[in-house]
Amino acid sequence: MSSASENSTEPWFCDACKCGVSPSCELCPNQDGIFKETDAGRWVHIVCALYVPGVAFGDIDKLRPVTLTEMNYSKYGAKECSFCEDPRFARTGVCISCDAGMCRAYFHVTCAQKEGLLSEAAAEEDIADPFFAYCKQHADRLDRKWKRKNYLALQSYCKMSLQEREKQLSPEAQARINARLQQYRAKAELARSTRPQAWVPREKLPRPLTSSASAIRKLMRKAELMGISTDIFPVDNSDTSSSVDGRRKHKQPALTADFVNYYFERNMRMIQIQENMAEQKNIKDKLENEQEKLHVEYNKLCESLEELQNLNGKLRSEGQGIWALLGRITGQKLNIPAILRAPKERKPSKKEGGTQKTSTLPAVLYSCGICKKNHDQHLLLLCDTCKLHYHLGCLDPPLTRMPRKTKNSYWQCSECDQAGSSDMEADMAMETLPDGTKRSRRQIKEPVKFVPQDMPPEPKKIPIRNTRTRGRKRSFIPEEEKHEERVPRERRQRQSVLQKKPKAEDLRTECATCKGTGDNENLVSRMRLSETKNRCDECRLCYHFGCLDPPLKKSPKQTGYGWICQECDSSSSKEDENEAERKNISQELSMEQKNPKK
């Protein structure tokens with residue numbers, strides 16, 4: 001849109017070529033594009049100056065000179081560009097944010113221009129800031145693709161046209177262009193010398209050296225000339241000033257107040273550490289000298305102790321000889337006094353370097369009652385009934401861990417359990433624990449099977465317990481076909497605790513309501529010993545469960561509680577009413593005697 005040359009043959013030059021420099025932008029790391037000079041003699045892209053907030057222009061029509069002093073210097077290197085391929089340049093210059101609300105994407109202006117993410121408002125729209133930038137996620141896909149295509153086409157066209165013009169230009173035209181360029185450079189140098197000095201803030205504003213793309217290029221060039229590879233150095237993009245433990249992390253060299261403070265603080269800390277190390281070294285030397293002195297004294301005391309022990313041994317032997325002589329003189333055996341006895345050997349404790357007590361094997365090795373082996377003593381389980389030991393894996397069924405024993409419960413093997421279950425009483429039984437205490441245990445009975453009178457009952461089947469199989473059903477043999485006499489095991493010979501007791505007689509005969517017969521299964525009655533609670537505690541009568549009012553499905557008696565029938569309950573209530581009436585009458589008579597009628 002320049003109107004400086006109305007003649008098509010008049011050469012036109014940009015500001016960078018007029019000044020004869022190859023500038024580097026202060027706001028981004030990219031080198032291609034159109035540049036404008038700042039009032040401080042620096043250079044920036046014109047597109048960067050338009051899109052970065054805080055950048056001002058001296059002449060809005062010509063867009064020059066550019067002023068960067070109004071922008072906060074803390075923005076330099078504050079954010080990392082998400083489009084830069086080289087991480088060393090990602091924190092150079094100033095990054096702008098996506099204008100889509102709460103988006104946290106940051107990028108350089110020229111990087112966004114390459115990706116087609118820059119947009120402008122229409123000319124007819126009156127907006128204070130008509131320049132917008134969106135990230136790839138919030139930008140229009142087709143619009144972004146079209147802008148990126150145009151940018152790449154324009155870059156390739158400019159390169160090709162420049163090469164073609166250099167070939168087509170004649171030496172005379174080239175000389176004329178160079179002469180004109182020298183004139184413009186002379187005018188630019190004169191304008192720069194006569195230009196008033198730019199305003200500079202009184203306080204020096206620090207800026208990280210790593211935020212300048214030109215400085216990084218110069219340092220990389222220097223490293224290349226010195227033969228140093230810059231790829232081995234990690235790039236620290238963290239902007240945290242302190243670590244977890246409160247100490248400040250390493251700061252990259254930069255002309256900033258933060259780095260200066262870090263440098264002085266590091267030097268002071270190193271001085272303190274050196275002083276502390278010297279002090280600790282002196283203390284160490286003193287302690288070593290004291291240790292040597294104590295070691296010499298310890299050796300002397302050990303030697304004197306050994307001499308005293310030898311002298312003590314000689315005196316003890318002489319004393320024992322004199323004591324034996326006295327015994328022979330008296331003709332009696334005299335007890336040697338404690339002072340003449342040989343001292344017991346003192347074992348060094350654990351603190352003095354002695355060995356710790358090791359657990360020895362038990363004096364008695366118990367053998368398993370099934371496999372007859374005494375290995376794995378820690379896996380042997382004692383039966384509280386037959387007093388035999390069994391391996392956990394030898395039991396039927398095998399156990400994976402030790403059963404829990406308490407004060408009121410004990411454990412018995414399967415053989416003792418089978419023998420004890422056949423000798424239990426009908427419903428309740430009393431058990432005697434190994435310590436002599438007694439407790440009651442309820443036995444869960446199997447349901448009664450219906451057996452016709454004309455058919456003989458089935459022979460009782462006894463499981464074969466001496467064969468152990470997995471995955472197959474346990475075989476049974478009828479009671480008539482079993483061997484006449486099984487070989488008794490060792491625990492059968494020792495078993496003398498459980499003896500077969502006679503079964504309790506069935507005392508329940510007749511129901512008091514229907515006068516029908518019954519047994520222990522369907523009558524509420526009284527049995528011996530622990531069954532005194534299974535009867536009406538008043539009239540001592542028996543009742544069918546179904547004859548009660550209301551009828552019941554099971555015995556109403558509970559452990560620790562009494563029970564009375566309905567008639568006894570009603571009679572007791574009538575007696576209570578009669579007693580209450582008598583009390584009322586006696587109270588009325590007493591009142592009449594106190595207050596006689598006139």
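This is a short selection tour of a predicted model.

**Stop 1: helix α7**

Select residues 257-330. This is helix α7, 74 residues in length. Put a distance between its end C-alpha atoms: they are 104 Å apart. At 1.5 Å a residue the helix should span 110 Å, so the two values agree.

Now colour α7 by burial. Which of its residues are buried? F259, Y262, R316, G319 and G327 are. Step past the end of the helix to G331, which follows α7. The phi of G331 is positive, near 75°.

**Stop 2: a nonpolar surface patch**

Stay with α7 and show a surface. Select I322, L325, L326, I329 and L334. Together they make a nonpolar patch of about 460 Å². Pick out L325, which is found in helix α7. L325 counts as partly exposed because its relative accessibility is 43%.

**Stop 3: the largest nonpolar core**

Hide the surface and select L27, V52, V55, F107 and V109. These residues touch the most other members of the largest nonpolar core, which has 35 residues. Which elements give two or more residues to this core? They are β2 (43-45), α2 (46-51) and α3 (109-114). The largest share, four residues, comes from α2.

Centre on V52. Leave aside its neighbours within four places in sequence. V52 is then in contact with L27, M71, V94, I96 and V109.

Another core lies apart from this one. It has 13 residues, among them L380, L381, C383 and W411. In soluble globular proteins, nonpolar side chains tend to be buried together.

**Stop 4: R64 and D15**

Turn to charged pairs. How many salt bridges does a search of the whole structure find? The count is 11.

Select R64 and D15. Their side chains meet in a salt bridge, at 3.6 Å from N to O. This pair links distant parts of the chain, 49 residues apart. R64 sits in strand β4 (residues 64-67), and D15 in helix α1 (residues 15-19).

Are the two partners buried or exposed? R64 counts as partly exposed because its relative accessibility is 37%. D15 is buried, with a relative accessible area of 15%. Add K36 to the selection: D15, K36 and R64 are linked in a network of salt bridges.

**Stop 5: R42 and E26**

Select R42 and E26 next. They form a salt bridge, and the closest N and O atoms are 3.9 Å apart. This pair also links distant parts of the chain, with the two positions 16 residues apart in numbering. R42 is in the loop between β1 (35-37) and β2. E26 is in the loop between α1 and β1.

Compare the burial of each partner. R42 is partly exposed, with a relative accessible area of 48%. E26 is buried, with a relative accessible area of 8%.

**Stop 6: E224 and R221**

End in helix α6 (residues 213-226) with E224 and R221 selected. Their side chains meet in a salt bridge, at 3.5 Å from N to O. Why are they separated by about one helical turn? They are three residues apart in α6. An α-helix has 3.6 residues a turn, so residues three or four places apart point the same way.

Check the accessibility here too. E224 is exposed, with a relative accessible area of 54%. R221 is partly exposed, with a relative accessible area of 45%.

Notes. Residues are numbered from 1 along each chain as its sequence is written. This is a predicted model: local features need pLDDT of at least 70, side-chain atom pairs count only at pLDDT 80 or more; totals for chains, interfaces and linings use all residues. Side-chain values use heavy atoms; hydrogens and water are left out. The expected span of a helix is 1.5 Å times one less than its number of residues. Buried means under 20% relative accessible area, exposed over 50%, partly exposed in between (1.4 Å probe, protein chains only). A nonpolar core is a set of buried Ala, Val, Leu, Ile, Met, Phe, Trp, Tyr and Cys residues joined through side-chain atoms within 4.5 Å. Contact means heavy atoms within 4.5 Å. Patches are made of residues with over 30% relative accessible area and no salt bridge: like charges are joined within 9 Å, nonpolar side chains (Val, Leu, Ile, Met, Phe, Trp, Tyr) within 5 Å. Accessible areas come from the Shrake-Rupley method with a 1.4 Å probe; for residues, only the protein chains shown count as cover. A salt bridge is a side-chain nitrogen of Lys or Arg within 4 Å of a carboxyl oxygen of Asp or Glu.
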